[in-house]
Amino acid sequence: MKEIIEAKSEDAREILRIQQQAYRSEAELYNDFDIQPLQQTLSSVEQDFENNFILKYVLDGKIVGSVRALEENGTCHIGKLMVDPEFQGRGIAKELMHEIEGFYRNVRFELFTGSKSTKNITLYERLGYTGYKTEQLPREDTVFLFMEKTPVK
């Protein structure tokens with residue numbers, strides 16, 4: 001049985017565990033194990049619950065995926081879309097994205113992913129996102145592709 005529901009702060013430890021496993025492939029792709037998702041601490045994930053809306057994908061009672069969103073000034077920033085590597089390739093990320101987008105109406109969606117992360121980019125393009133800039137953030141060496149999806153009028 002599967003369900004996609006709002007995560008609670010007591011899920012932070014399990015979400016961080018999945019995050020550390022899921023982002024390992026990104027770290028390997030960029031040969032940089034200091035990327036922010038791998039450096040994030042439990043207390044930092046717990047703090048994310050204060051400002052972000054966080055969903056979890058639960059399969060047979062086990063959290064196997066998550067995504068975060070924060071809406072500011074008409075833009076919903078989507079971040080930390082992750083699926084446990086054991087469960088990747090089953091459409092879970094796509095389901096999480098559809099679900100999180102469903103909570104926001106008449107907003108522009110924005111996210112970013114590594115510019116070499118072709119699997120991620122392909123997923124986001126299939127979901128209607130288009131790239132609009134590349135930029136390196138001060139926190140790491142990765143060049144990110146910023147993508148957006150505007151509301152249908």
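In which helix is L123 found? In this predicted model, L123 is found in helix 6, and with a relative accessible area of 21% it counts as partly exposed, because only values under 20% are called buried. Leaving out residues up to four places away in sequence, L123 touches L81, A93 and K94. A7, by contrast, is separated from L123 by 116 residues in sequence and by 23 Å in space, taken from C-alpha to C-alpha.

**The sheet**

Seven strands form an open sheet, in which the pairing is mixed and the order of the strands is 1-2-3-4-5-7-6. Strand 1 (2-6) and strand 6 (130-136) stand at the edges, and each has a single partner strand, so one side of each is left without a neighbour in the sheet. From one strand to the next, the twist averages 25°. As general background, strands of a sheet pair through backbone hydrogen bonds, either parallel or antiparallel. Strand 1 and strand 2 pair in the antiparallel sense, over five bridges, and the residue of strand 2 that serves as bridge partner of E6 is L55.

**Helices on the sheet**

Helix 1 (residues 12-22) lies across strand 2, strand 3 and strand 4, and runs at about 95° to strand 3. Helix 4 (residues 42-51) also packs on the sheet, where it touches strand 2 and strand 3, and its direction makes about 50° with that of strand 3. How do helix 1 and helix 4 cross? Their axes come within 9 Å and cross at roughly 115°, and helix 1 and helix 4 are therefore described as roughly perpendicular to each other. The crossing of helix 1 and helix 4 is right-handed, and the contact is made by A12, R13, I15 and L16 on the side of helix 1, together with L42, V45, E46 and F49 on the side of helix 4.

**The nonpolar cores**

In soluble globular proteins, nonpolar side chains tend to be buried together. Here the largest nonpolar core has 27 residues, of which V67, I78, L96, M97, I100, Y104 and Y129 touch the most other members. Two or more residues of this core come from each of strand 2, strand 3, strand 4 (75-83), helix 5, strand 5, helix 6 (118-126) and strand 7 (143-149), and helix 5 gives the most, with five residues. Apart from this core lies another, of 16 residues, among them A12, A22, I54 and V58. To return to L96, its contacts, when neighbours within four places in sequence are set aside, are I4, L55, K56, Y57, G65, S66, V67, L81 and M82.

**Two loop residues with positive phi**

Most residues other than glycine have a negative phi. Neither D60 nor N106 is a glycine, yet both have a positive phi, as the table sets out.

| Residue | Phi | Loop | Relative accessibility |
|---|---|---|---|
| D60 | about 50° | between strand 2 (53-59) and strand 3 (62-72) | 62% |
| N106 | about 55° | between helix 5 (92-102) and strand 5 (108-114) | 68% |

Are these residues buried or exposed? D60, at 62% relative accessibility, counts as exposed, because its value is over 50%, and N106 is likewise exposed, with a relative accessible area of 68%.

Technical notes
Residues are numbered from 1 along each chain as its sequence is written. This is a predicted model: local features need pLDDT of at least 70, side-chain atom pairs count only at pLDDT 80 or more; totals for chains, interfaces and linings use all residues. Side-chain values use heavy atoms; hydrogens and water are left out. Helices (H or I, at least four residues) and strands (E, at least two) are DSSP runs, numbered from the N terminus. Buried means under 20% relative accessible area, exposed over 50%, partly exposed in between (1.4 Å probe, protein chains only). A nonpolar core is a set of buried Ala, Val, Leu, Ile, Met, Phe, Trp, Tyr and Cys residues joined through side-chain atoms within 4.5 Å. Contact means heavy atoms within 4.5 Å. Two strands pair if DSSP finds at least two bridges between them. Axes are lines fitted to C-alpha atoms, for helices over the stretch in contact, and angles run from 0 to 180 degrees between N-to-C directions. Angles under 35 degrees count as roughly parallel, over 145 as roughly antiparallel, 65 to 115 as roughly perpendicular and the rest as oblique. A crossing is left-handed if the near helix is turned anticlockwise from the far one by less than a right angle, and right-handed if clockwise.
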